[in-house]
Amino acid sequence: HPAINRATPGLKRFIRSLDLTPYDVPTKRGELKNILITVGENQRLMIRFVLRTRDRVSDIRSALPLLRDLVPSAHVVTANIHEIILTRARTLPLAVEGLELGPRSFAQTNASVASALYEQASVWASRPFADGRLPESLWDLYCGVGGFALAAARAGFPRVTGVEVSSGAISSAISAARHAGLSRSAASFIADDATAWARAQSPEDVPDVIVVNPPRRGIGTDLAAYLNECDAPRVIYSSCNPASLATDLAAMPTLRPVE
């Protein structure tokens, strides 16, 4: 990304000025393992220094004015050992669906592709059923920072619910929903295990649409069995691993892939 390219020379100067020694795997010496850079709204950056120990955290914190001089677009800066946030800003606004990304939260890597992904899911989710009824409720399981749920809410869904095990991601989703003017009844986000939460809901609460967006391991046998049996009329599966997708689809024979 051009914003990352622009930041690179300043980051190199910052590393040299603090003598942040690169970590050497064979000898297990050095401090700086790598740097993670995320581009947000208006090309502001989240910069995460992945360190071996806490030994240099105070040095980086003290040198933040220098970092901001060298990389003016730095918005959120963390030391990633147990994710120590060094800046006052704790989340990075993204240029997608009004989302906010915290240091420990997952978001799609490419903003323009993510925008198209959420838009496509919203189009599929919003289609009328065969009887002409419009879908009204949606669950977004493994919701991350709430991308699918918030896109569906903007598409006109009266009620969306996102479930994600990361409390940091849920905090970001709630913040984005409030900034979008969505009430708690219209968009609720819950920090919980997606499978356990879904299985704990009553049959009367099963929504019109369920979106699943799992990590590479897929949704697994328990959630696949639930989706196979719960009578949700529409399921949208966002997968990043064709192998686990195929395994999960085979475990849901009552669901027929249509698009």
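Two strands are taken to pair if DSSP finds at least two bridges between them. Strands (E, at least two residues) and helices (H or I, at least four) are DSSP runs, numbered from the N terminus. The model is predicted, so that local features need pLDDT of at least 70 and side-chain atom pairs count only at pLDDT 80 or more, while totals for chains, interfaces and linings use all residues. Residues are numbered from 1 along each chain as its sequence is written, and side-chain values use heavy atoms, without hydrogens and water.

An open sheet of five strands, paired in parallel, follows the order S9-S8-S7-S10-S11. Strand S9 (187–191) and strand S11 (234–237) stand at the edges with a single partner strand each, so one side of each has no neighbour in the sheet. Direction ignored, neighbouring strands of this sheet are turned by 15 degrees against each other on average. Four bridges join strand S10 (209–212) to S11 in the parallel sense; valine 209 has arginine 234 of S11 as its bridge partner.

Helix H5 (147–154) lies across strand S7 (137–141), strand S8 (159–164), S9 and S10, and runs at about 160 degrees to S7. Helix H6 (167–179) lies across S8 and S9, at about 170 degrees to S9. Axes are lines fitted to C-alpha atoms, for helices over the stretch in contact, with angles from 0 to 180 degrees between N-to-C directions; contact means heavy atoms within 4.5 Å.

H4 (111–126) and H5 each supply at least two residues of the lining of the second largest cavity, a cavity being a set of points on a 1 Å grid over the protein atoms alone where a 1.4 Å probe fits but cannot get out, and lining residues having an atom within 4 Å of a point. H4 gives the most, with four residues.
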